[in-house]
Structure formats: structure tokens, C-alpha cells
Amino acid sequence: ILLSNLSTSLDLHACCCQCTIVGGRIPLQFHASSHHLSRSSLLFVFAVILLISVTIVATTTALSIRSLSPSQRGSLSKYRIGRYWHETILLKYDNLNLVREHSYHSTMSMNIFRLCGDMSHVFSIIVLLLRLRVAKNAQGISLRTHELFLLVFLTRYTDLFTTYYSLYNSVMKVLYIATTSSIVYTIRLQEPICSTYDKAQDTFRHWEFAVAPCAVVATLTHLIGGGGLFSFLDLQELLWTFSIYLEAVAILPQLIVLQRYREVENLTGNYVFFMGAYRALYIVNWVFRAYYEPGYRHHWVVYFCGVVQTLLYADFFYYYLMSKRRGGRFSLPTAQK
């Protein structure tokens with residue numbers, strides 16, 4: 001149903017944007033364009049992404065299990081390095097003092113909810129890229145939100161070149177960084193898209209009211225948890241904590257932009273919906289792992305930020321679903337009402 005809705009929006013709303021200043025506001029008027037993607041093309045793209053992801057998960061899991069003997073599988077144990085939150089599975093050989101890191105845990109922690117969450121995240125990015133490339137305009141899109149998301153990924157994935165967990169994990173990290181960088185570059189520098197970006201509507205001061213407060217809170221959380229500031233692992237842990245806090249509020253500039261425009265273009269609405277669904281599915285993933293995964297360790301900062309991030313989408317979810325139910329235009333209420 002979502003794919004059908006998306007393809008319909010591409011056919012009907014892939015458009016050039018005509019802007020007219022009316023009462024200090026910039027209403028969007030769309031007309032049909034010859035640039036569109038067929039429904040079969042969208043289905044093919046989504047099917048390929050899903051197939052690649054499932055193949056990566058299945059292959060890495062099978063290789064991890066196959067490389068272990070029955071006795072070695074029984075010796076898998078969870079180990080926490082000092083005070084750090086990142087968990088590592090260590091494979092302990094019976095008659096040797098050698099201990100080596102193993103990626104078994106990172107592959108076996110995959111479940112249907114995490115996979116669906118990741119695919120929802122990837123699909124939201126694809127929807128936004130299609131919207132930018134096909135419509136050739138950035139009206140209603142917040143550049144500042146994507147600058148925040150790019151900062152989130154760059155600070156969270158500092159272990160990309162130091163620690164290998166699985167092929168799936170590495171591919172997803174590179175994908176998030178590359179696609180978000182592409183979105184920021186497109187909106188900021190690429191013509192004719194950058195000319196349609198409305199800075200007057202995207203005015204949330206993200207450095208003062210998002211990055212700076214999250215940096216302070218993350219530092220306090222890190223120090224209270226017993227972390228230091230002078231080693232590479234300490235710095236890596238601090239940046240990871242910062243990224244968790246920042247991701248919780250990174251969508252705020254986008255939601256503010258949509259509130260100011262009121263009329264939400266169909267593809268933009270789908271993009272925000274899939275972004276919110278990604279975090280909601282990850283909450284279900286945490287609950288599932290806590291219930292079914294032996295020895296699963298809870299991360300209360302992650303839980304808190306995940307719930308806050310999902311709650312920020314709650315109002316948007318309500319009006320999005322109501323608009324789909326009515327089949328009319330998707331519009332958000334204003335404070336004046």
C-alpha cells in the first residue's frame with residue numbers, strides 16, 4: 001500500500017515548483033511534470049534493497065556460526081570492556097590464554113524489527129533523494145535537519161575503521177554517511193535545487209539549541225558514568241553518547257519547516273513518516289532483544305532518547321494517518337487556529 005501510494009505521488013506530484021509571495025508566506029503550487037518513475041521501477045528498487053540486506057544478514061550469520069565448533073559456541077560469553085557501554089563477544093579458547101574479538105553477537109542480534117527499522121530508514125532516504133531529483137526543488141525540506149543527521153552519523157560511526165562487526169553493519173554505516181552527505185550537498189550547492197531552498201522558513205538555530213546542549217549533556221553523562229576525556233576510547237564513547245542525544249532532536253528543524261508551510265507535499269510527508277517509523281521499530285527491537293536475547297544489557301540513555309525522538313513524531317503521525325484515511329491533502333494545523 002505504501003509503495004502504491006508513493007508511486008502515485010511520484011506520478012502526480014513530481015513537479016516543478018512555482019512560488020508566489022502571498023501575505024508574507026510562500027504557498028506551493030505544483031503542476032505536472034514529464035519526469036516520473038513508474039510503479040514497477042519503485043517496486044524493483046525496493047525489492048533489490050530488501051534482497052541485498054537479507055542476503056548480507058543471512059550470509060554473515062551463516063559464516064559466523066559455521067566458523068565455530070560446538071565447543072567454541074558454548075564458550076561464547078559477554079564481556080564489558082571497563083566502564084564502556086559497547087558490548088563485545090569474546091571467543092575464549094579452552095586451553096589457550098588467547099582471546100579474540102568475534103562478530104557473532106552483532107550478526108545474531110539481528111531480528112525482523114531491527115531489519116524493518118533499518119529498511120524504513122533507508123527507504124526514507126531514498127524517498128527524499130527521489131523527491132529532490134524528480135521534483136528539482138527543495139521547498140519544504142530542512143537543510144539543518146540533514147546537517148544534524150550528518151553530524152550524528154559522523155560522530156557515532158567513529159569505529160568504522162577500527163572495529164569490524166559484520167558486513168551488514170559496515171555497509172549500513174557507509175550508506176547513511178554517503179546518502180546524507182549527498183542530500184546536504186544537493187540542497188546547499190546543486191542547481192537548480194539549491195535555488196529553491198527557502199532559508200527564511202528553515203530558521204531553527206541548530207548549533208545553539210541542538211548541538212551545543214547535546215554536547216554539554218553528553219559530556220555530563222559521560223563523566224557521571226565514570227568516563228574520562230584523555231584516551232581514544234574515552235573520546236569515542238563521548239562522541240557516541242553525543243550522537244544518541246543529538247539524533248533525538250535532529251528532526252526538529254524539519255518539523256518546524258513543515259509547520260510553517262502547513263501544506264505538506266506527499267513525498268515529503270512519506271519521507272518524515274518513514275523516518276519516524278524507523279525509530280519506532282527500533283524501540284520494538286529493543287523490547288524484543290531484552291525479552292529473547294540472554295544477557296542483553298540495557299542502555300537507559302538510548303531508551304530515553306529513542307522514546308523522546310518517537311514522541312516528537314507523534315503529532316505528525318496522527319495528521320499523516322488521518323490524511324491518508326480521508327484521502328485528501330495533508331496539512332498541519334497552525335497555532336492561529
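How are α5 and α12 oriented to each other? The two helices are roughly antiparallel to each other. Angles over 145 degrees earn that label, under 35 counts as roughly parallel, 65 to 115 as roughly perpendicular, and the rest as oblique.

The structure is a predicted model, in which local features need pLDDT of at least 70, side-chain atom pairs count only at pLDDT 80 or more, and totals for chains, interfaces and linings use all residues. Residues are numbered from 1 along each chain as its sequence is written, and side-chain values use heavy atoms, with hydrogens and water left out.

The protein chain holds 13 helices and 5 strands. Both are DSSP runs numbered from the N terminus: helices are H or I with at least four residues, and strands are E with at least two. Of the 337 residues of the chain, 49% are buried. Buried means under 20% relative accessible area, exposed means over 50%, and partly exposed lies in between (1.4 Å probe, protein chains only). Contact means heavy atoms within 4.5 Å. Among contacts between residues at least 6 apart in sequence, 73% join residues at least 24 apart.

Helix α12 (residues 266-292) takes part in two packings described here. Against helix α5 (residues 112-135), the angle is about 165 degrees and the axes lie 8 Å apart. Axes are lines fitted to C-alpha atoms, for helices over the stretch in contact, and angles run from 0 to 180 degrees between N-to-C directions. The crossing of α5 and α12 is left-handed. The residues of this contact divide into 15 nonpolar, 7 polar and 3 charged. A crossing is left-handed if the near helix is turned anticlockwise from the far one by less than a right angle, and right-handed if clockwise. Ala, Val, Leu, Ile, Met, Phe, Trp, Tyr, Cys and Pro count as nonpolar; Asp, Glu, Lys and Arg are charged; the others, Gly among them, are polar.

Helix α11 (residues 252-261) also meets α12. Their axes come within 12 Å and cross at roughly 150 degrees. This crossing, too, is left-handed. Q254, L255 and L258 of α11 meet T268, Y271 and V272 of α12. By class, the contact has 4 nonpolar, 2 polar and no charged residues.

Three buried residues sit in other helices. R156 belongs to α6 (residues 143-156). Its relative accessibility is 12%, so R156 counts as buried. Beyond neighbours within four places in sequence, R156 contacts W240, S243, I244 and E247. The side chains of R156 and S243 are joined by a polar contact of 3.1 Å. Such a contact is a pair of N or O atoms within 3.5 Å; within protein, one must be able to donate a hydrogen and the other to accept it, and residues adjacent in sequence count only if both atoms are side-chain atoms.

A218 lies in α9 (residues 206-224). At 1% relative accessibility, A218 is buried. Its contacts, again leaving aside neighbours within four places, are L238, T241, F242 and Y245. A218 and Y245 are 27 residues apart in sequence, yet 7.0 Å apart in space, C-alpha to C-alpha.

G306 is part of α13 (residues 300-326) and is buried at 3%. Outside its neighbours within four places in sequence, G306 touches R279, I283 and W286.

Two loops hold backbone features. A cis peptide bond, with omega about 0 degrees, joins E191 and P192. P192 lies in the loop between α7 and α8. K136 occupies the loop between α5 and α6. Its phi is near 60 degrees, a positive value in a residue other than glycine. K136 is partly exposed at 39%.
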